[in-house]
Amino acid sequence: MENLYTCEFCKKSFHTKSYFLSHRQTHTCKNEKHYACDQCNKSFTQNRNLQRHRLTHTGEKPHVCELCDKSFVFKHALVIHRMTHMEQKPHVCEVCGRSFAQVCNLNQHLITHSDIKPYVCEVCNKGFRQRSVLTAHRLTHTGEKPYNCDVCSRGFVTKSKLSRHYLTHTGVKPYTCEICNKGFKYKSVLDAHVRTHTGEKPHICEVCGKAFTQLNQLIRHRSVHSDEKPFVCEKCSRGFSRLSYLQNHMATRCDAKNFICKVCDRRFSQSYTLRRHMRFHTKAKSFVCSHCNKAFIDKFSLAKHERIHSKEKAEKAPEDVDSDADDFSPDPIGDLSENPDS
């Protein structure tokens, strides 16, 4: 049995004591970061962390996989990558059955099943279970969206969200349901769809015992048991329990149209409405039909067009299951028509 050093703050584990002590300083010595990057002013508690960070500016990736020639900035990333070739995930979560290649990843995952939130936002004091989620959350205070789509210029807080977004342009649906052969763009949506066949509802409210097929449904439901209204209208100071309720209020009640078209000066209440409007000026047709490669200005026009192909396919082979139908994608922000806070 290998000896592991586990951080008492975030439960992350390390094979060596030196790495463990170095990591522990990130929790206990947050104000003692004497090593600063001369390119971006980001600071670190140890010099070796600064040297590793500098590689992100140079683009150098010295650690190369001998099996597929893929390269990495950091050695630990290469070690984790090698396991994808061996398909080894020996560390299994006893709560949900998910498996991991490294025990430190399992320990980090176990926090998601607990109430521990070791990463706290210094602006609003909101706690998070994962450092990456805190990093993304900080951008909500600055409004920064550093990852931009090179097709439609839409911005995203994280690189993973940008990668998911790219699939809306390609039309690729790599995840297929083994029961009905329906295709999906995202694995999370496939997992939710499979539960419509099995009836499984793994996410249970700890207050009332109500069960849900998806975690985001449970998170939305929890606001029913709380009097908190963290989403506040900047114009009238009215509070709402959900972001979707605030957005609906801003669009229909406050009439705050702060997003202005630089071409025709037309004003919009929401940024995505302005982005959609701009396509009529640029004539950019970023949404391409996966059947005939015809392009459209927005995804609504594309969806309307694709129904023509679905109808043709159904007429030719009515007994076949239509795997090209729209993805099963439950509304991530709830039904805007029912607004108990309005």
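The following exercises concern a predicted model of a protein.

**Exercise 1.** State how many helices and strands the protein has, and what share of its residues counts as buried.

*Solution.* The secondary structure comprises 11 helices and 22 strands. The protein consists of 342 residues, and 32% of them count as buried. As for the surface, about 22800 Å² is exposed, with carbon and sulfur atoms supplying 51% of that area.

**Exercise 2.** Determine what share of the contacts with a separation of 6 or more joins residues 24 or more positions apart.

*Solution.* Contacts in the protein with a separation of 6 or more form the reference set. Within this set, residues 24 or more positions apart account for 18%.

**Exercise 3.** Identify the residues of the largest nonpolar core.

*Solution.* This core has 9 residues. Its aromatic members are Phe14, Phe20, Tyr119 and Phe128. Cys7, Cys10 and Cys121 also belong to the core, as do Ile111 and Leu134. Apart from it lies another core, of 7 residues, including Leu167, Cys177, Cys180 and Leu190.

**Exercise 4.** Describe the second largest pocket by volume, lining and residue character.

*Solution.* First, the volume of the second largest pocket is about 220 Å³. Next, the lining includes Asn148, Val151, Cys152, Ser153, Arg154 and Gly155; Arg275, Met278, Arg279, Thr282, Ala284 and Ser286 also line the pocket. Helix H10 (residues 271-282) contributes 4 residues, the largest share of the lining. Finally, the lining residues are classified as 4 nonpolar, 5 polar and 3 charged. The charged residues are Arg154, Arg275 and Arg279.

Technical notes
Residues numbered from 1 in each chain as written. Predicted model: local features only at pLDDT ≥ 70, side-chain atom pairs only at ≥ 80, totals over all residues. Heavy atoms only, no water. Helix = DSSP H or I, 4+ residues; strand = E, 2+ residues; numbered from the N terminus. Buried < 20%, exposed > 50% of the residue type's maximum accessible area, 1.4 Å probe, protein only. Contact = heavy atoms within 4.5 Å. Areas by Shrake-Rupley, 256 points an atom, 1.4 Å probe, with all protein chains shown as cover. 1 Å grid on protein atoms, 1.4 Å probe; cavity = no way out; pocket = protein on both sides within 12 Å on 5 of 7 lines; lining within 4 Å. Points joined across faces, edges and corners; volume = space filled by probe spheres on them. Core = buried A, V, L, I, M, F, W, Y, C linked by side-chain atoms within 4.5 Å.
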